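Me: I'm new to reading structures like this one. Let's go through it piece by piece, with short questions and short replies.

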Amino acid sequence: MPITQTREVTAAARLENVRYAIRDLACIADEVAKQGHKILPLNIGDPINFDFQTPQHLIEAVYKAMRDGKNGYAPSPGIKEALGAIRAEAARKGIKSVQDVFVTSGVSEAVDVCLAALVNPGENVLTPSPDYPLYSAVLCKLGIELKTYSLNEDDAWQPDLIDVHGKINSQTRGIVLINPNNPTGSVCSRKMLEQIAELARRNNLVIFADEIYDKLILDGGQPERGQTKRGETKRLQTENGKHISMAAVAPDVPVVTFGGLSKNYLAPGWRIGWGIVSGEAAAVKPYIEGIHRLLRARLCANHPEQYAIKPALEGPQDHLPEVLKKLRTRRDLTVTWCNSTPRVSCVTPRGAFYAYPRLDIPEADEIFVKELLLQKHVLVVHGSGFGQKPGTKHFRIVFLPDEKTLAKAYQSIAEFIKERYG
C-alpha cells in the first residue's frame, strides 16, 4: 500500500506577523456583497476603480510593443529605453549622484529586492508608524525584527526625529521614508529631509525613499495659516508645489528612490515600478551588486509594459492637472466632513489620495471598521493595520471616488457613529 502523507504542513513561523490590512478586509466585504449589498469601497488606492483612466498614449505604446513582438524575456534590470528615461527623470528630480537604475514588477518587488539585498538576520530597518504595510510584511517574511519610528500627528504627521534617533542602534542598516505618505497623506518639508539625511549620514544608513506619489502634490508652495479642528497649525510642505526628493537633498547618502506607473500614471495593474540608487559610487557598489543578483534570479519585470515608461516620463502630462483638480476637491470635501463630524478629526493631507482621520470612540478601530462594513456597507481600513501611537484610534480613507459617492459614504459613516456611540 502507498504511504499517505497525513502530517499537517505548517507555514513558516516567521509569517506569523505578516499582515496586509488593506486586502484582509476584502474577505468580509465579499461576504457582505454575497448578501446582495452594494459596498462603497474607500479601502484600496486604485484610481482605475473610479473616474480615472490610464493615459491613452501609454496604452498605445504597450499595444505597439506587443504587436512588435516584445513578448519574450526582457533584460533583468530593464529595457534600455526605460532605464534611460528613468535616469532622465532622476535628473529632473535633482538627483545628481545616480549609480544605478532598475525596473521591477511594481514598487512592491523593488522594496522586496532592496530590503532582501541589504538586511541580515539580527539587523533592522526603521519603518514609519503609521506606514504602508508592505514594508513590515517583507521584513517579517525575511525574519527581521520590526522596529518602527513615530510620525507626529500634532506636527502634520512629520517624522518624530527624537524617536528616530532613539531607535537607531548598532544593528540598524536603513530607514524607510514614505513621502508623500501612505496612509496619512503627509509631505515632508525640506528641513525634515535634511535632518533625516544627517541622521543617515552619521549612522551609515541606507534611506529607502518611497516617492511613488511624487507628482500628486495637492498644495502649492505658499504657507497657509489657520487651525484644523484638532488645533494643528498648517505648514508649508513643498517648494512651489513641487515634491522634494530625498536623494536630491542628500547626494552623498546612499538612497534608493522608488517610483512607478501605478499612481502618477494611473496604471496600477501593469505592475511597473523602479528603483534609483544614488550616493557615493564606492559606498553603494557592493549593495548594487547584491540587488542585481536578486534581479537576475527572478528573470525580469513585465516586458511589453516597460515600453510605457519612456512615453510616461517624457511624453504628454495632460492627465495630471485634471487628476490633481479632482483630488483637491475630494480632499477638501473629506477634511471638511472629518472636522465637522463628532468623534472624528483629521490632519489635512498634502499629497497622494489618502486621509487618516482620528477617532474618539470607546472600542478598537478594527471593530469600528468591521461593524461599519457590516451595518452600513462602507469599506475603510482600520488604523491599527498601519500602526499608530498607543491609545489612539484611526481609520484610512481613500478619497478617489467622485464627490457624490464620497458624500453618500460620509453620511453613512456619520449615521453609524451617531447610532453606535451617541
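**Buried parts, rings and turns**

Me: How many of the 11 residues of helix α5 (residues 106-116) are buried?
Reply: Helix α5 is largely enclosed by the rest of the structure. Here, helices (H or I, at least four residues) and strands (E, at least two) are DSSP runs, numbered from the N terminus. Buried means under 20% relative accessible area, exposed means over 50%, and partly exposed is in between (1.4 Å probe, protein chains only). By that count, the number of buried residues among the 11 in α5 is eight.

Me: Quick note before we go on: this is a predicted model, where local features need pLDDT of at least 70 and side-chain atom pairs count only at pLDDT 80 or more, while totals for chains, interfaces and linings use all residues. Residues are numbered from 1 along each chain as its sequence is written, and side-chain values use heavy atoms, with hydrogens and water left out. So which residues of α5 are buried?
Reply: They're spread along α5, with G106 and V107 among them. The whole list of buried residues in α5 is G106, V107, E109, A110, V111, V113, C114 and L115.

Me: Let's talk rings: how are Y356 and F386 paired, stacked or edge-to-face?
Reply: The structure holds 11 aromatic pairs. Y356 and F386 form one of them, 6.0 Å centre to centre with 90° between the planes. Rings of Phe, Tyr and Trp (its six-membered ring) pair if their centres lie within 6.5 Å; planes under 30 degrees apart count as stacked, over 60 as edge-to-face and the rest as tilted. That makes Y356 and F386 edge-to-face.

Me: How many residues apart are Y356 and F386?
Reply: This pair links distant parts of the chain. Y356 is in the loop between β11 (354-355) and β12 (358-359), and F386 is in the loop between β14 (381-382) and β15 (395-398). Y356 is buried at 0% relative accessibility, and F386 is buried too, at 3%. Along the chain, Y356 and F386 are 30 residues apart.

Me: What is the angle between the planes of F368 and Y421?
Reply: F368 in helix α13 (residues 365-376) and Y421 in helix α14 (residues 403-421) are 53 residues apart. Both F368 and Y421 are buried. They form a stacked aromatic pair, 6.5 Å centre to centre, with an angle between the planes of 20°.

Me: Which residues do ring pairs link into a cluster?
Reply: F368 and Y421 don't stand alone, as F395 and F416 are part of the picture. The ring-linked cluster is F368, F395, F416 and Y421.

Me: Are the axes of α2 and α13 roughly parallel or antiparallel?
Reply: Two packed helices are described by the angle between their axes and the distance between the axes. The axes of α2 (residues 26-34) and α13 come within 10 Å and cross at roughly 15°; axes are lines fitted to C-alpha atoms, for helices over the stretch in contact, and angles run from 0 to 180 degrees between N-to-C directions. Angles under 35 degrees count as roughly parallel, over 145 as roughly antiparallel, 65 to 115 as roughly perpendicular and the rest as oblique. So α2 and α13 are roughly parallel.

Me: Which residues of α2 and α13 make the contact?
Reply: Contact means heavy atoms within 4.5 Å. From α2 we get I28, A29 and V32, and from α13 come K370, L373 and L374.

Me: Where does P130 lie?
Reply: The peptide bond from S129 to P130 is cis, with omega near 5°. P130 itself lies in the loop between β3 (124-129) and α6 (134-141).

Me: What is omega for the bond from N179 to P180?
Reply: P180 is in the loop between β6 (172-178) and α8 (190-203). The bond from N179 to P180 is cis, with omega near 0°.

Me: What is phi of H377?
Reply: H377 is in the loop between α13 and β13 (378-379). H377 counts as buried, because its relative accessible area is 17%. Phi of H377 is positive in a residue other than glycine, near 65°.

Me: Which residues is Y73 in contact with, leaving aside its neighbours within four places in sequence?
Reply: Y73 is in the loop between α3 (56-67) and α4 (80-92). At 67% relative accessibility, Y73 counts as exposed. With those neighbours left aside, Y73 is in contact with L299, C300 and H303.
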